[in-house]
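Please work through the exercises that follow with the sequence and the model at hand. Each one sets a task and then solves it step by step.

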Amino acid sequence: MGATAVAPRSHTLRHRRLLLLTVLLGAVCVTVVLSVTVGSRPVPPADAWQALTAPAGTESHIIVRSLRVPRTVLGVLAGLALGVAGALMQGHTRNPLADPGLLGVTQGAAFAMVASIILLGAQSLLAYIWFGLAGALIASVGVFALGMVGGRGGPTPVTLALAGTAVSAFLYALTSAIVLLDEQAMDVFRFWQAGSIAARGPDVVWQVLPFVVAGLVLAMVNAPGLNALSLGEDVARGLGQRIGLTRGVGVAAVTLLTGAAVAACGSLAFVGLIVPHLARSLSGTDHRWLLPYSGLIGVALLLLADVIGRVVAPPGELEVGVVLALLGAPFFVALVRRRKPVRL
Amino acid sequence: MRLQAAAVKLGYGERTVVDGLDLVVEPGTVTAIIGPNGCGKSTLLRALGRLLKPRGGEVLLDGKRIDRIPTREVAKVLGLLPQAPTAPEGLTVADLVVRGRHPHQTWYRQWSSDDEAAVSEALAMTGLADLAERPLDELSGGQRQRAWISMALAQGTDLLLLDEPTTFLDLAHQVEVLELVRRLHQAADRTIVMVLHDLNLAARYADRLVAMREGRVIIAGAPHEVLTEELLREVFELDAKVITDPVAGTPLVIPIGPHR
């Protein structure tokens, strides 16, 4: 009885999950097309296609190739990174309100950027981003080390969250002090804080790509271990999972993904917080599916918000970070009100 | 002899809970560890399951120090269930039981026919096949505990450590879970060690009782050897009368009052 009861189940479930994955991929494709074609100067899809395959040097082709495509690719990378990092973070902390910034990554990036301006005289966007990445990594390692001191035999979700909050607050205070004193730092910080994927150029995409790819690989490697961990540390250890290693890989993945996204795009509120909830309602609690779903939904949401930002206030644009915050806040309230917060 | 504690010293932080304890788990038996609150029985079980590293002495699995065997290898022969485990909301019975296959999977090979068979068998054994698609939160306490045991079963180990598998359950569900434990033992000759609070149920469902007090084993043996009026006074500071359980023929403890 048991064998026949389970076998068809696992197959239909697998089919359903693959189907959903296809639907999400389709949604991503639609938003990618929108992102390449919609804007203050609309480009018909056929023309955009021609710009990619047989560029003729027309104005619309130049716009597509030098502005829209890098912007879209960066949106894809940031959406993937923040969606997956959010799901990892909520899984590791077993806290439905955790977001990828919890490890001090966002504030670490912000502080390193403004510090590089006043201390080292950094000038270019590429330089800021390198410092942002470095700041994100250092802050996260610091938080992990601090969290280790508090926990018995390795950092626990609680010590990590406490250390992350403390380090974030400290770095935020330092950042505020610097931007109050230095005008150039203030300008960069304001530009960065709004959160945008526009005007970054292909070099920024190449700069963050390896970090995002490495982070995604680590995240997928982490998924089965995270499934075990979600049953509690004792059960996970009983199942032969090495807790410290699993947490370390998870933190490394979150750091790479979030660090790359925030260094390149600034703070993009709510993506890492909301997307995993949406993904979980489709995938259930299995991280092997939850992580890819979160990544794809992150891309669709980020690109959609960016496209909305281009058309709501012509002739100007609203930064994607602002649109996300405006859309995200009520959405999040609705999410919390509709169902009681999920226990992870 | 598969699992053994030799002169183990156990504790948390500054506190030493168990000091110099020896215990041999006889293969193919159901052992229940009993003792008053705080006597170190759960601590001992955690050490046997390599959740807690001894400060002195050693825990041996098949003659080898358990902390020197890769933890995944241990997980293929020894399964454990902590006290009152919690699962993420919405997790179904089948999802939970599937996770018991974790030690047998690698990240590139996530599912095999062995896994399939083990999960089906575990669900059938615990009588949960019909509830496989139900979320854990919707089940009764007894069913939920059976689901967790089912996960440990799917792990496919000969040795099972259960920490108070009947906590928070009413009497009927306690019996339901312990009947399952007995079936597991009888069907596949599994070796089971559990921490139990209820002495009468422990006497009925275990072959061997281990009575602990203040971090030491006072006596270990068959229920009728261990559960005596004298031992209850010494270990539990309880005046009691011990009669024969009219149903199972095992010792039955009738408490009289605290021993003064």
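## Exercise 1: Cysteines and disulfides

A:C29 counts as partly exposed, because its relative accessibility is 46%. The model is a predicted one, and the task is to set this cysteine beside A:C265 and then to state how many disulfides are counted over all chains.

Solution. Begin with the second cysteine: A:C265 has a relative accessibility of 0% and therefore counts as buried. Next, recall that a disulfide is a covalent bond between the sulfur atoms of two cysteines. The cut-off required here is a pair of cysteine sulfur atoms within 2.5 Å, and by this rule the count over all chains is 0 disulfides.

## Exercise 2: Salt bridges within and between chains

Find how many salt bridges the whole structure holds over all chains, and then describe where the partners lie in the pairs A:E59 with A:R41 and B:R46 with A:D234.

Solution. As background, side chains of opposite charge can pair when their charged atoms come close. A search of the whole structure gives 20 salt bridges over all chains.

In one of them, A:E59 pairs with A:R41, and their closest N and O atoms are 3.1 Å apart. A:E59 belongs to helix α3 (residues 59-93) of chain A, while A:R41 sits in the loop between α1 (2-37) and α2 (45-53) of chain A, so this pair ties together parts that are 18 residues apart in sequence. As for accessibility, A:E59 counts as exposed at 52%, whereas A:R41 counts as partly exposed at 35%.

Turn now to B:R46 and A:D234, whose side chains meet in a salt bridge at 2.6 Å, N to O. This pair crosses between chains, since B:R46 is in helix α1 (residues 41-48) of chain B and A:D234 is in helix α9 (residues 233-238) of chain A. Of these partners, B:R46 counts as partly exposed, with a relative accessibility of 22%, and A:D234 counts as buried, with 18%.

## Exercise 3: A salt-bridge network

Work out which residues are joined into one network with A:R310 and A:D306.

Solution. The side chains of A:R310 and A:D306 meet in a salt bridge, at 2.9 Å from N to O. Because they are 4 residues apart in helix α12 (residues 287-311) of chain A, about one helical turn separates them. Both A:R310 and A:D306 are buried. Salt bridges with shared partners then join A:R71, A:D306, A:R310 and A:E317 into one network.

## Exercise 4: A nonpolar surface patch

Identify the residues of the nonpolar surface patch and say which element gives the largest share of it.

Solution. The patch, of about 530 Å², is made by A:V30, A:L34, A:L304, A:I308, A:V311, A:V312 and A:L327. The elements that contribute two or more residues are α1 and α12 of chain A, and the largest share, 3 residues, comes from α12(A). A:V312, for its part, is found in the loop between α12 and α13 (320-338) of chain A.

## Exercise 5: Strands of chain B

Trace the pairing of strand β1 with β2, and of strand β3 with β8 and β9, all in chain B.

Solution. Strand β1 (residues 3-12) and strand β2 (residues 15-25) of chain B pair in the antiparallel sense over 8 bridges. They form a hairpin with 2 residues between them, and B:G13 in the turn has a positive phi of about 55°. At this hairpin, B:Y12 stands opposite B:R15 in β2(B).

Strand β3 (residues 30-34) of chain B is mostly covered, with 5 of its 5 residues buried. B:V30, B:A32 and B:I34 point one way from the strand, and B:T31 and B:I33 point the other way. β3(B) runs parallel to strand β8 (residues 191-195) of chain B, to which 4 bridges join it, and B:T31 has B:V193 as its bridge partner there. With strand β9 (residues 208-213) of chain B, β3(B) also pairs in the parallel sense over 4 bridges, and B:I33 stands opposite B:V210.

## Exercise 6: The surroundings of a glycine

Determine whether B:G79 is buried or exposed, and list its contacts beyond neighbours within four places in sequence.

Solution. B:G79 lies in strand β6 (residues 78-81) of chain B, and it is buried, with a relative accessible area of 0%. Beyond those neighbours, B:G79 is in contact with B:Q155, B:T157, B:L159, B:L160 and B:L161. B:L160 is 81 residues away along the chain, yet the C-alpha atoms of B:G79 and B:L160 are separated by 4.8 Å.

Definitions and conventions: Residues numbered from 1 in each chain as written. Chains lettered and ligands numbered in written order. Predicted model: local features only at pLDDT ≥ 70, side-chain atom pairs only at ≥ 80, totals over all residues. Heavy atoms only, no water. Pairing = 2+ DSSP bridges. Salt bridge = Lys/Arg side-chain N within 4 Å of Asp/Glu carboxyl O. Buried < 20%, exposed > 50% of the residue type's maximum accessible area, 1.4 Å probe, protein only. Patch = residues over 30% accessible without salt bridge, like charges linked within 9 Å, V, L, I, M, F, W, Y side chains within 5 Å. Areas by Shrake-Rupley, 256 points an atom, 1.4 Å probe, with all protein chains shown as cover. Contact = heavy atoms within 4.5 Å.
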